[in-house]
Amino acid sequence: MKQVINGKLYNTETAQEICSCQYGYPRDFDYVLEELYRKKNGEFFLYICGGPASRYRVQTGCNEYSGNQQIIPVDINTAKDFTEKNGSVDDYINLFGMPEE
């Protein structure tokens, strides 16, 4: 997916996927997919996708909802938190260095 945000291009095809989490199956109404990416310039962003009953749904009419997908730029602290919760220890160390013991 490609999206321009504040004059900057975010592209899931050219950025490095760091880690992800998925809840449910793609055809479920409450399906959620979140993927963390890092651009070549070091910026991080989340690609999110959700079904019509997920927290990422969009209202399309009176009591009508649709699934949604979008890109959200995130700061380094959000990227660290996401990687800590959803990535491996190696993912975290490769990106942010060795944490304190």
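1. A salt bridge here is a side-chain nitrogen of Lys or Arg within 4 Å of a carboxyl oxygen of Asp or Glu. With that in mind, and remembering that this is a predicted model, a reader may start from the network of salt bridges that links Lys8, Lys39 and Glu43. The structure holds three salt bridges, and the points below take them up before turning to a helix and to some asparagines.

2. In the network, Glu43 pairs with Lys8, where the closest N and O atoms are 3.5 Å apart. This pair joins distant parts of the chain, since Lys8 is in strand β2 and Glu43 is in the loop between β4 and β5, 35 residues apart. Glu43 also forms a salt bridge with Lys39, and there the closest N and O atoms are 3.6 Å apart. As for accessibility, Lys8 counts as partly exposed at 38% and Glu43 is likewise partly exposed at 21%, whereas Lys39, at 14%, counts as buried.

3. A further salt bridge brings together the side chains of Glu34 and Arg55, at 2.8 Å from N to O. Here too distant parts of the chain are linked, with Glu34 in strand β4 and Arg55 in the loop between β5 and β6, 21 residues apart. The two partners differ in their surroundings, because Glu34 has a relative accessibility of 9% and counts as buried, while Arg55 has 56% and counts as exposed. In general terms, side chains of opposite charge can pair when their charged atoms come close.

4. Helix α1 spans residues 76-86, and Ala79, Phe82 and Thr83 are buried in it. Seen down the axis of α1, these buried residues fall within an arc of 95 degrees, and so they line one face of the helix. An α-helix has 3.6 residues a turn, so residues three or four places apart point the same way. The face of α1 turned away from this buried side carries the exposed residues Glu84 and Lys85.

5. What, then, covers the buried residues of α1? The cover includes the strands β3 (16-23), β4 (32-38), β5 (44-50) and β8 (68-74), together with the helix α2 (89-96). At the start of α1, a side-chain oxygen of Asp75 comes to within 3.3 Å of the backbone nitrogen of Asn77.

6. Asn11 deserves a separate look: it belongs to strand β2, residues 8-11, and with a relative accessibility of 9% it counts as buried. If neighbours within four places in sequence are set aside, Asn11 is in contact with Met1, Lys2 and Phe45. A polar atom of the Asn11 side chain also lies 2.8 Å from the backbone nitrogen of Glu13. The C-alpha atoms of Asn11 and Gln70 are 11 Å apart, although 59 residues separate the two along the chain.

7. Two other asparagines may catch the eye of anyone checking backbone angles. Asn6 has a positive phi of about 50 degrees although it is not a glycine, and Asn6 is placed in the loop between β1 (2-5) and β2. Asn63, also not a glycine, has a positive phi of about 60 degrees and is found in the loop between β6 (58-61) and β7 (64-66). Are these residues buried or exposed? Asn6 counts as exposed at 77% relative accessibility, and Asn63 counts as exposed at 66%.

Conventions. Residues numbered from 1 in each chain as written. Predicted model: local features only at pLDDT ≥ 70, side-chain atom pairs only at ≥ 80, totals over all residues. Heavy atoms only, no water. Helix = DSSP H or I, 4+ residues; strand = E, 2+ residues; numbered from the N terminus. Buried < 20%, exposed > 50% of the residue type's maximum accessible area, 1.4 Å probe, protein only. Contact = heavy atoms within 4.5 Å. Polar contact = N/O pair within 3.5 Å; in protein donor to acceptor, adjacent residues only side chain to side chain. Arc of directions from axis to C-beta.
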